Amino acid sequence: MAFAPDLTLTNLAEVLNALGSPIRLAIIRRLADGAEHRCGGLVSGVSKSTLTHHWKVLLAAGVIAQRPAGRENLLSLRRDELNAVFPGLLDSILSEVLAESRDKNRTALQELTDISDSMHSPLTLPVVASE
């Protein structure tokens with residue numbers, strides 16, 4: 001049995017607050033594929049206690065659902081339910097998050113290309129006048 005609060009009791013401010021953290025946006029971006037994901041496999045480089053806090057905020061706002069599966073919990077995005085209560089909100093936020101991610105990736109790729117180009121540029125040695 002999945003845990004997810006009734007979205008009709010949730011207000012827009014709670015949902016926007018839940019989506020106002022970069023870590024929670026990263027979680028939502030991962031869940032946007034529509035599959036259920038293990039809690040521990042969503043975001044790397046963040047402590048377990050911090051992730052637990054962010055999941056609780058997302059759960060309380062009704063943005064995600066949690067389902068026990070053995071010793072783990074599986075999380076899923078409540079896209080359809082959110083779109084029914086707040087039409088277009090989640091899609092707008094996700095498209096912006098994905099656009100920002102693409103821009104960051106493009107910038108990082110350009111920086112790597114610049115570094116690679118500078119490493120492979122021909123070496124110029126000073127000309128020494130011979131006598």
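This is a short tour of a predicted model, stop by stop, with something to select at each one.

**Before you start**

Residue numbers start from 1 in each chain and follow its written sequence. In this predicted model, local features need pLDDT of at least 70 and side-chain atom pairs count only at pLDDT 80 or more, while totals for chains, interfaces and linings use all residues, and side-chain values rest on heavy atoms, with hydrogens and water left out.

**Stop 1: the whole chain**

Show the chain as a cartoon and colour it by secondary structure. You should find five helices and three strands, where helices (H or I, at least four residues) and strands (E, at least two) are DSSP runs numbered from the N terminus. Walking from the N terminus, the order of elements is α-α-β-α-β-β-α-α.

Now switch on the surface. The accessible surface of the chain is about 8800 Å², with 57% of that belonging to carbon and sulfur atoms; such areas come from the Shrake-Rupley method with a 1.4 Å probe, and for residues only the protein chains shown count as cover. Of the 131 residues, 31% count as buried. Here buried means under 20% relative accessible area, exposed over 50%, and partly exposed in between (1.4 Å probe, protein chains only).

If you like contact maps, try one here. Among contacts with a separation of 6 or more, 64% come from residues 24 or more positions apart, a contact being heavy atoms within 4.5 Å.

**Stop 2: helices H2 and H3**

Select residues 22–31 for H2 and residues 48–60 for H3. The two helices pack at an angle of about 75°, and their axes are 10 Å apart. Axes are lines fitted to C-alpha atoms, for helices over the stretch in contact, and angles run from 0 to 180 degrees between N-to-C directions. That makes H2 roughly perpendicular to H3; the cut-offs are under 35 degrees for roughly parallel, over 145 for roughly antiparallel, 65 to 115 for roughly perpendicular, and oblique for the rest.

Show side chains next. H2 brings Ile23, Arg24, Ile27 and Ile28 to the contact, and H3 brings Thr50, Leu51, His53, His54, Trp55, Val57 and Leu58. By class, that is seven nonpolar, three polar and one charged residues (Ala, Val, Leu, Ile, Met, Phe, Trp, Tyr, Cys and Pro count as nonpolar, Asp, Glu, Lys and Arg as charged, and the others, Gly among them, as polar).

**Stop 3: leucine 42 and histidine 37**

Leucine 42 sits in the loop between E1 and H3 and, at 3% relative accessibility, is buried. Beyond residues up to four places away in sequence, leucine 42 touches Ile27, Arg30, Leu31, His37, Trp55 and Leu75. Measure from leucine 42 to isoleucine 28 and you should get 9.2 Å, C-alpha to C-alpha, for residues 14 apart in sequence.

One of those partners, His37, is the next pick. Histidine 37 belongs to strand E1 (residues 37–38) and is buried at 15% relative accessible area. Its side chain makes a polar contact of 3.0 Å with the side chain of aspartate 33. A polar contact is a pair of N or O atoms within 3.5 Å; within protein, one must be able to donate a hydrogen and the other to accept it, and residues adjacent in sequence count only if both atoms are side-chain atoms.

**Stop 4: from arginine 78 to leucine 90**

Arginine 78 is in the loop between strand E3 (72–77) and H4. Is arginine 78 buried or exposed? Arginine 78 is buried, with a relative accessible area of 9%.

Select aspartate 80 in helix H4 (residues 79–85), which is exposed at 64%. Its C-alpha atom is 9.6 Å from that of leucine 90.

Finish on leucine 90 in helix H5 (residues 89–120), buried at 2% relative accessible area. Outside its neighbours within four places in sequence, leucine 90 contacts Ile28, Leu77, Arg79, Leu82 and Asn83.
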